[in-house]
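Biologist: Please take a close look at one part of this model, the aromatic side chains and what surrounds them, and give the cut-off behind each term as it comes up.

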Amino acid sequence: MVSDTVKLISGVIQGSCLGPVLFVLYINGITKVLSNNVTCLLFADDVKIYTVLKSDADIVILQNALDEITDWSVKWQMPISVKKCSVIIYGKSALTNVPFYLCGSCLKSTDVVKDLGVTNNSHLQFTGHINCIVGKAHSRAYLIRKCFVSRNPPLLMRAFNTYVRPLLEYASSVWSPQYNYLIDKVESVQRRFTKRLPGYSVLDYPARLTSLKQCSLEKRRIVHDLVLTYKFIFRLVDVQTSNFFTLRNDVVPTRGNPYKVLINVSRMNVRRHFFTERIALIWNSLPPSVVDFRTLLSFKRTITNVHMNLFTRY
């Protein structure tokens with residue numbers, strides 16, 4: 001049976017095959033009403049706008065952008081949930097107490113925001129996010145030991161990899177910790193789980209990983225960073241590579257892989273711990289005799305053979 005034809009005057013049908021595509025076409029128009037001085041980012045129905053605040057003129061520009069979004073939502077009958085909206089100012093600024101308005105309501109100011117599942121604060125620190133995911137991971141690991149009837153270590157480890165490890169690795173290139181106490185906190189989830197497996201309590205952590213054919217979470221995060229770097233360097237993602245990495249094409253060829261990147265000098269820890277800065281040295285040290293750069297699949301297959309003892313604690 002075929003349903004009756006209905007003329008839609010706004011929105012798209014939820015649950016339809018074309019719904020997501022039509023919604024993207026529908027909402028993409030919001031970027032065209034904003035000025036070039038404001039950057040707009042969209043993910044499904046989430047909208048983020050930002051700009052650099054240095055003077056009162058910048059405040060006016062940002063408020064005008066919010067007013068333009070309000071007018072767009074009224075014109076295209078797309079109501080905005082103002083209660084879910086907030087303002088966060090990164091870095092030190094004298095303009096932190098300036099009110100901003102959306103749809104006639106004053107937006108709440110916050111120091112902590114959750115963006116696409118990753119929590120960060122106004123100093124671009126991810127300690128709160130790490131504490132949250134570690135707590136959830138410990139709880140889920142406990143439930144695996146509590147609920148599974150089988151005591152078979154490989155089976156329990158497989159359950160851990162399926163239900164727990166994704167919590168600790170989602171978007172790790174964004175929040176990957178650099179301080180030892182945070183690295184230990186994330187690693188403690190797998191350390192505790194493997195120690196309580198039958199027959200493994202007498203082994204130390206490296207021996208347990210070897211016996212279970214696992215690697216540390218710290219090394220897995222580095223591998224994830226290297227894979228993402230490969231995608232940037234070889235343009236497998238739709239971003240401007242030059243905004244993240246600069247290839248060393250202008251230097252005398254040296255031993256090592258031919259895709260080395262420039263290592264920048266960072267003055268602040270926020271920049272020093274950023275993905276592109278912390279992975280540059282490791283990427284440049286990859287030996288072409290071990291790592292196959294020809295395809296992404298061959299790169300993933302050979303990158304695990306690289307010894308990373310100089311860059312990891314586990």
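Modeller: A residue is called buried when its relative accessible area is under 20%, exposed when it is over 50%, and partly exposed in between, with a 1.4 Å probe and protein chains only. By that criterion Phe293 and Phe299 are both buried. The model is predicted, so local features are reported only at pLDDT of at least 70 and side-chain atom pairs only at pLDDT 80 or more, while totals for chains, interfaces and linings use all residues. Residues are numbered from 1 along each chain as its sequence is written, and side-chain values rest on heavy atoms, with hydrogens and water left out.

A search of the whole structure returns 15 aromatic pairs. Phe293 and Phe299 have ring centres 5.7 Å apart and planes at 45 degrees, so their pair counts as tilted. Here, rings of Phe, Tyr and Trp (its six-membered ring) pair when their centres lie within 6.5 Å, and planes under 30 degrees apart are stacked, over 60 edge-to-face, and the rest tilted. The two phenylalanines belong to one aromatic cluster, which also takes in Tyr230, Phe234, Tyr259 and Trp283.

One residue that touches this pair is Pro288, which has contacts (heavy atoms within 4.5 Å) with Phe293, Gly256 and Asn257, when residues up to four places away in sequence are not counted. Pro288 sits in the loop between helix H11 (275–284) and helix H12 (296–303), where helices (H or I, at least four residues) and strands (E, at least two) are DSSP runs numbered from the N terminus. With a relative accessible area of 41%, Pro288 is partly exposed, whereas Phe293 is buried. The C-alpha atoms of Pro288 and Asn257 are separated by 5.1 Å, although the two residues stand 31 residues apart along the chain.

On the other side of that loop in sequence, H11 is mostly covered, with 9 of its 10 residues buried. The buried residues are Phe275, Thr276, Glu277, Arg278, Ile279, Ala280, Ile282, Trp283 and Asn284, and Trp283 is also a member of the aromatic cluster. The cover over the buried residues of H11 includes helix H6 (172–175), helix H9 (217–233), helix H10 (269–272) and H12.

It helps to place this region against the nonpolar cores, each a set of buried Ala, Val, Leu, Ile, Met, Phe, Trp, Tyr and Cys residues joined through side-chain atoms within 4.5 Å. The largest has 23 residues, and Leu168 and Phe193 have the most contacts inside it. At least two residues of this core come from each of H3, helix H4 (153–163) and H7, and H3 gives the most, with 6 residues. Leu168 itself, leaving aside neighbours within four places in sequence, is in contact with Ile133, Val134, Ala137, Trp175, Val186, Val189 and Leu217. Apart from that core lies another one, of 21 residues, and Phe299 is among them, as are Ile222, Phe232 and Phe245.

For the wider setting, the protein comes to 12 helices and 8 strands, and its C-alpha atoms fill a box of roughly 65 × 60 × 45 Å along the principal axes. Of the 314 residues, 36% are buried. Among contacts between residues at least 6 apart in sequence, 57% join residues at least 24 apart.
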